[in-house]
Amino acid sequence: MSNPTISRRHFGLGAATFAVLLAGACGSDSPDGGPSAASDGQGAESGGRLTFAYNSDGPHKDWVEAVCNSVSNTLGISMEPLPYAQFSELRQQITDHTIVGAFRAGWQAGYPSMEDFLDGPFQTNGGANDAQYSSTAFDDLMAQAAAAKDDAESNALYVKAQEQLFADLPAIPLWYQNGFGGYSKNVSDVTFNWQAMPSYEFITTTNSDGFVRANNSEPQNPLLPANTNETGGGRIVDLIFAGLVAYEKDGTVTNEVAESIETSDNQTFTVKLKDGWTFSDGTPVTADSFIKAWNYGALMSNAQLSSYAYELIEGYSAEEDSELTGLAKVDDLTFTIKLTAPAHDFVKRLGTSAFYPLPESAYADMAAFGQKPIGNGPYTLTEWVHDSQAVLAKNPSYQGVRLPKNEGITFIFYTSYDAAYNDLLSDAVDVIDAIPDSALASFQDELGERAVNEPGALIQNFIVNVNAEHWKMDDEGRARRAALSRAINRKQICDTLFYDTRTPASDFTSPTIPGWKDSVAGNEVLQFDEAEAKRLWDQAEAISSY
């Protein structure tokens, strides 16, 4: 089973999902595993008692308890797990900001840049800024990075921006997560890419039908590129559509549908498309295929989950319906993009699903299209049996850089990691990108060379709501967040629970991303230090008793 993410879909492909509630709230006595009526996510003063809320439909119980024990034992306060029965219940409260205090989310990069980890989650009014954090100093540094002339300059500024995050700690990084899983005796050439996802296109198989069987979960929404931000739908959409650019296994950006993307100022871009591209129904991929799709995704009344992806383009509005006036057709194979401000990494974003094209037939009935989408990618969706499986067949008209080495992918929708792993051991499934907690200690020995454990662009964070009492952007709030960070023994948890599949975090991004550094000023706050944690908590208590 692959879980959805708390924030964007890119971001959690194959990653664990969970949340942390750090308001002074009552615990849960609810028999069904959800929060009790007394703890509706609002939080209440209760003598320094903390709850750690998470979705119990994922494999999180053990590590959540470990974090609670680390904080409780270090600070001498009570921190207790608070399970929510369903991820969707927890996510809705986060979206509505009805959880007062703090919550925790996994993040997986959608495009290979530090900007992806920093922009949406932390910029003022960012599309994924669940913490409601706002810092002029941070925003200014991000703007300077966007206007940088080259990667070296922008990366240095992203590192500088993280120094501000370490001073404020609106999020508390926990650990980087590897991509880990395994494959059967029936397949070969299995590798996980920079996002910790199997590179499905390049897997070869001895199965008689030429299809590779892989784990997945039921998509949460119709398969529309701009409205897919979770694992189950995301991996399907990424295989049946192709964007202007694609990401190679190592994250290198390469042109796919685009013949060229040119700019002299990182604000106005001219895109020329390769001639001859078609959707799987035979209709041509043109400039209008992109312009209309992006406008549909951006339009507020269409309520697409990834609408924020277009916020840099002139004309975008999150408040009312507005045309993306920054998009202009030149001819059938050429269009221009004008941004509201320079964005050095904009081209890197163009391989994410929000920027995929749509055929003209989609607009006749978008809901129906989402059930049977027509794309221009390496595969076509031939069958979607809800809550069971999705079958993708090789697209004979595809002419991009991801040419499949198999006949297709059959995604089996699992409801538990244990079931998927047991099927792998019996060769009933060919590739899985998740290992149950019960097998973490043994899977590499059991699978041998068929085990996969590679770094990926995933990080797990505490995200703190900085509007909650005692956790605001003031001296008390900063001291409390720093105390919690210092009280978590990340190395011990990674060593004892995760068996080399996690690494304690040293920044807010990922070691697989260009420009990453493990020596960001201020990151000592991520080191376990019992004495310093107590000092910081006492410093906050001197300001206001929790």
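**Lys-348 and Asp-151**

I started with Lys-348 in this predicted model. Lys-348 makes a salt bridge to Asp-151, with the closest N and O atoms 3.6 Å apart. I then looked up where the two partners sit: Lys-348 is in helix 8 and Asp-151 in helix 5 (residues 151-168), so this pair ties together parts 197 residues apart in sequence. Buried or exposed, I wondered about Lys-348? Lys-348 counts as buried, at 17% relative accessibility. Its partner Asp-151 comes out as partly exposed, at 38%.

**Other salt bridges**

How many salt bridges does a search of the whole structure find? I got 22, and I pulled up a few of them.

Lys-394 and Glu-407 meet through their side chains at 3.4 Å, N to O. This one also links distant parts of the chain, 13 residues apart: Lys-394 belongs to strand 15 (residues 389-394), while Glu-407 is in the loop between strand 15 and strand 16 (408-413). Lys-394 is partly exposed, with a relative accessible area of 35%. Glu-407 is partly exposed too, with 39%.

I also noted Glu-469 with Lys-472, a salt bridge of 3.6 Å, N to O. Lys-472 has 34% relative accessibility, so I put it down as partly exposed.

Next I checked for salt bridges that share partners, and found Glu-115, Asp-119 and Arg-349 joined into one network.

**Arg-349**

That network sent me to Arg-349, which is found in helix 8 (residues 346-349). Arg-349 is buried, with a relative accessible area of 7%. Which residues does Arg-349 contact, leaving aside its neighbours within four places in sequence? My list reads Tyr-111, Glu-115, Asp-119, Tyr-247, Leu-312 and Phe-355. With Tyr-111, I also found a polar contact of 3.3 Å between the side chains.

**Cysteines**

Last lookup: disulfides. The count comes to zero. I took Cys-494 as a case to check. The nearest cysteine sulfur to Cys-494 is that of Cys-68, 16 Å away, and Cys-494 is in no disulfide. Why is that pair not counted? A disulfide needs the two sulfur atoms within 2.5 Å, and these are 16 Å apart, so the pair does not qualify.

I looked up burial for both cysteines as well. Cys-494 is buried, with a relative accessible area of 2%. Cys-68 is buried, with 1%.

Methods:
Residues numbered from 1 in each chain as written. Predicted model: local features only at pLDDT ≥ 70, side-chain atom pairs only at ≥ 80, totals over all residues. Heavy atoms only, no water. Helix = DSSP H or I, 4+ residues; strand = E, 2+ residues; numbered from the N terminus. Buried < 20%, exposed > 50% of the residue type's maximum accessible area, 1.4 Å probe, protein only. Polar contact = N/O pair within 3.5 Å; in protein donor to acceptor, adjacent residues only side chain to side chain. Contact = heavy atoms within 4.5 Å. Salt bridge = Lys/Arg side-chain N within 4 Å of Asp/Glu carboxyl O.
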